[in-house]
Amino acid sequence: MNLREIANSAIQVINPDQTITWKRSTGWQIVNYQQVPTYEEIECLGNVQALSDEQLRHANDMNLSGVMRSVYLSQNAMGVSFRQIRGGDILTFREFQDIEPTEWKVVHSAETWDNWCHVICVQQ
């Protein structure tokens, strides 16, 4: 039983999933004596929502600021993981239907499961 699929099907009436470009961090390389991050681009479905009160308090405690969104993805994006030497994934999506897509940096992995994740992003 996939609990996220069940919950997500109910949400689709109010807030439908959208196609998100996920730039998965693959590390970095040296270009002209500068460290430049490298990414692999993956198209996936996600549900973009505002942060809840609890998530806003948590982001405040982490000293994060800026425009933030809570994103439920059908993939496993992640923020910075020093142990795995990767992270800093970037998501590109439309905040509203009538504007151009913008980039959002994943700053926190709130939940990670086998086939989906919940991340908090800050607009770049």
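# Barrel model: a quick Q&A

Colleague: Where in the protein is confidence lowest, and where highest?

Modeller: This is a predicted model in which local features need pLDDT of at least 70, side-chain atom pairs count only at pLDDT 80 or more, and totals for chains, interfaces and linings use all residues. Residues are numbered from 1 along each chain as its sequence is written, and side-chain values use heavy atoms, with hydrogens and water left out. On pLDDT (the predictor's confidence in each residue, from 0 to 100), confidence is lowest in helix α1 (residues 3–11), at a mean of 71, and highest in strand β4 (residues 90–93), at 92.

Colleague: And what pLDDT does the protein average?

Modeller: Where pLDDT is low, the predicted coordinates should not be read in detail. Here 88% of the residues score at least 70, and the average is 82.

Colleague: In what order do the 6 strands close into a barrel?

Modeller: Helices (H or I, at least four residues) and strands (E, at least two) are DSSP runs, numbered from the N terminus; two strands pair if DSSP finds at least two bridges between them. The pairing around the barrel is antiparallel. The order is β1-β2-β3-β6-β5-β4.

Colleague: Which residue stands opposite W28 in β2?

Modeller: β1 (residues 18–31) and β2 (residues 34–49) pair in the antiparallel sense over 13 bridges. They form a hairpin with 2 residues between them, and N32 in the turn has a positive phi of about 50°. Opposite W28 you'll find P37.

Colleague: Which side chain does T38 join in a polar contact of 2.8 Å?

Modeller: T38 sits in strand β2. Contact means heavy atoms within 4.5 Å, and leaving aside neighbours within four places in sequence, T38 has contacts that include R24, G27 and W28. A polar contact is stricter: a pair of N or O atoms within 3.5 Å, where within protein one must be able to donate a hydrogen and the other to accept it, and residues adjacent in sequence count only if both atoms are side-chain atoms. The partner at 2.8 Å is T26.

Colleague: Which strand gives the largest share of the largest nonpolar core?

Modeller: A nonpolar core is a set of buried (under 20% relative accessible area, 1.4 Å probe, protein chains only) Ala, Val, Leu, Ile, Met, Phe, Trp, Tyr and Cys residues joined through side-chain atoms within 4.5 Å. The largest has 13 residues, and I20, F93 and V119 are among those with the most contacts inside it. β1, β2, β3, β4, β5 (102–112) and β6 (117–123) each supply at least two of its residues. The largest share, 3 residues, comes from β6.

Terms used
Buried < 20%, exposed > 50% of the residue type's maximum accessible area, 1.4 Å probe, protein only.
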